[in-house]
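Let's take a friendly look at the empty spaces in a protein and at the way some of its helices pack. Please have the structure open while you read.

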Amino acid sequence: MKRLFTPEGEAALQETMQRHPLLAFDFDGTLAPIVARPGDARVPAPVAHRLQRLAGRLPVAVVSGRSVQDVRRRLLFTPWRIVGNHGAEDDGSATAHDQAAVLAPARAGLVAQAGPLRDAGVMVEDKGLSIALHYRLASDAAGAQHAISEVVARLPPSLAVFGGKMVVNIVAARSRDKADAVAALVAASGTQAAVFVGDDVNDEPVFVRAEPGWLTVRVGHDDPRSSAQWFLDGPADLPRLLDRMLESLSEPGGLPEET
């Protein structure tokens, strides 16, 4: 993983942008700063303004762990597509197999452990096609993780679990992930190129399975094991990245200006 804002990285971005790619972004920690309470997250206005301009020139998608409905009201711009629930939900519709019912054992376990989870400071967020167990506000992170592990240990093989930044996610084992979702978006957009920007564990499948012609960027370099090709130092670098994208579209070979 290399720093994007170097001559090599900017050349790679410029080359990809000249191919008129799909632009896909994670939400929390990428478009919106991570906040203590998930309900407080919003895309900052300067970022939203740049994204709206890009969306007038190229297909722009948001690929989030949140539900589509939740993401939509936090964007302040209109993307081409929104994918939610870590890839399982596309603009409000589940994929071919509606997997909400598969999460029933997890819901039962959460009810049984509701007291210990609450006492440990774990917030349960049921998003229909996935469940998030947040412990960012827990006073004892280790205690919260232990309470979560008591639920996770009893889950059947039909469910999958993966971590994140102060969160544990439960999904159907057969559910699409973000890599599946981005590949489908590329096909639907009619392009062979993509730029994907993310910051967390659930973004790694995209980084790992990126096709030739995709450019992948991780926000932050806290995980040296990440499979992203490039990294930004943090969310504060995102406006600069979006500016570079817009500048590339104004250069010879770029897309014509909006009318």
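## The largest pocket

Sorted by class, the residues lining the largest pocket are 7 nonpolar, 4 polar and 3 charged. Keep in mind as you explore that this is a predicted model. The lining has 14 residues, and those nearest the pocket's centre are H86, F162, V171, R176 and D177.

Two strands are worth finding here: β9 (159–164) and β10 (167–172) each give at least two residues to the pocket lining. The space in this largest pocket comes to about 150 Å³.

## The cavity inside

Rolling a probe the size of a water molecule over the atoms shows where empty space is left. How many cavities of 30 Å³ or more are there? The count is 1, and about 410 Å³ of space lies in the largest cavity. It is lined by 26 residues, with D28, H134, K165, V167 and D200 closest to its centre.

Which strand gives the most to this lining? It is β9, with 3 residues. At least two residues each come from β8 (130–134), β9 and β10. You have now met β9 and β10 twice, as both also help to line the largest pocket. By class, the cavity lining splits into 9 nonpolar, 8 polar and 9 charged residues.

## Where α1 meets α9

Now turn to the helices. Helix α1 covers residues 7–17 and helix α9 covers residues 238–249; their axes come within 9 Å and cross at roughly 50 degrees. An angle between 35 and 65 degrees counts as oblique, so α1 and α9 are oblique to each other. Their crossing is right-handed.

On the α1 side, the contact is made by E10, L13, Q14 and M17, which meet R240, L241, R244, M245, S248 and L249 of α9. The residues of this contact are 5 nonpolar, 2 polar and 3 charged.

## Where α2 meets α9

Helix α2 (residues 45–55) also passes α9: the two axes come within 10 Å and cross at roughly 25 degrees. Why is this pair called roughly parallel? Angles under 35 degrees count as roughly parallel, and therefore α2 is roughly parallel to α9. This crossing is left-handed.

From α2, the residues V47, R50, L51, R53 and L54 meet L238, P239, L242, D243, M245, L246 and L249 in α9. Here the residues in contact are 9 nonpolar and 3 charged, with no polar ones. Look for M245 and L249 of α9, which are listed in the contact with α1 and also in the contact with α2.

How values were computed:
Residues are numbered from 1 along each chain as its sequence is written. This is a predicted model: local features need pLDDT of at least 70, side-chain atom pairs count only at pLDDT 80 or more; totals for chains, interfaces and linings use all residues. Side-chain values use heavy atoms; hydrogens and water are left out. On a 1 Å grid over the protein atoms alone, a cavity is a set of points where a 1.4 Å probe fits but cannot get out, and a pocket is an open set with protein on both sides within 12 Å along at least five of seven lines; lining residues have an atom within 4 Å of a point. Grid points are joined across faces, edges and corners, and a volume is the space filled by probe spheres set on the points. Helices (H or I, at least four residues) and strands (E, at least two) are DSSP runs, numbered from the N terminus. Ala, Val, Leu, Ile, Met, Phe, Trp, Tyr, Cys and Pro count as nonpolar, Asp, Glu, Lys and Arg as charged, and the others, Gly among them, as polar. Axes are lines fitted to C-alpha atoms, for helices over the stretch in contact, and angles run from 0 to 180 degrees between N-to-C directions. Angles under 35 degrees count as roughly parallel, over 145 as roughly antiparallel, 65 to 115 as roughly perpendicular and the rest as oblique. A crossing is left-handed if the near helix is turned anticlockwise from the far one by less than a right angle, and right-handed if clockwise. Contact means heavy atoms within 4.5 Å.
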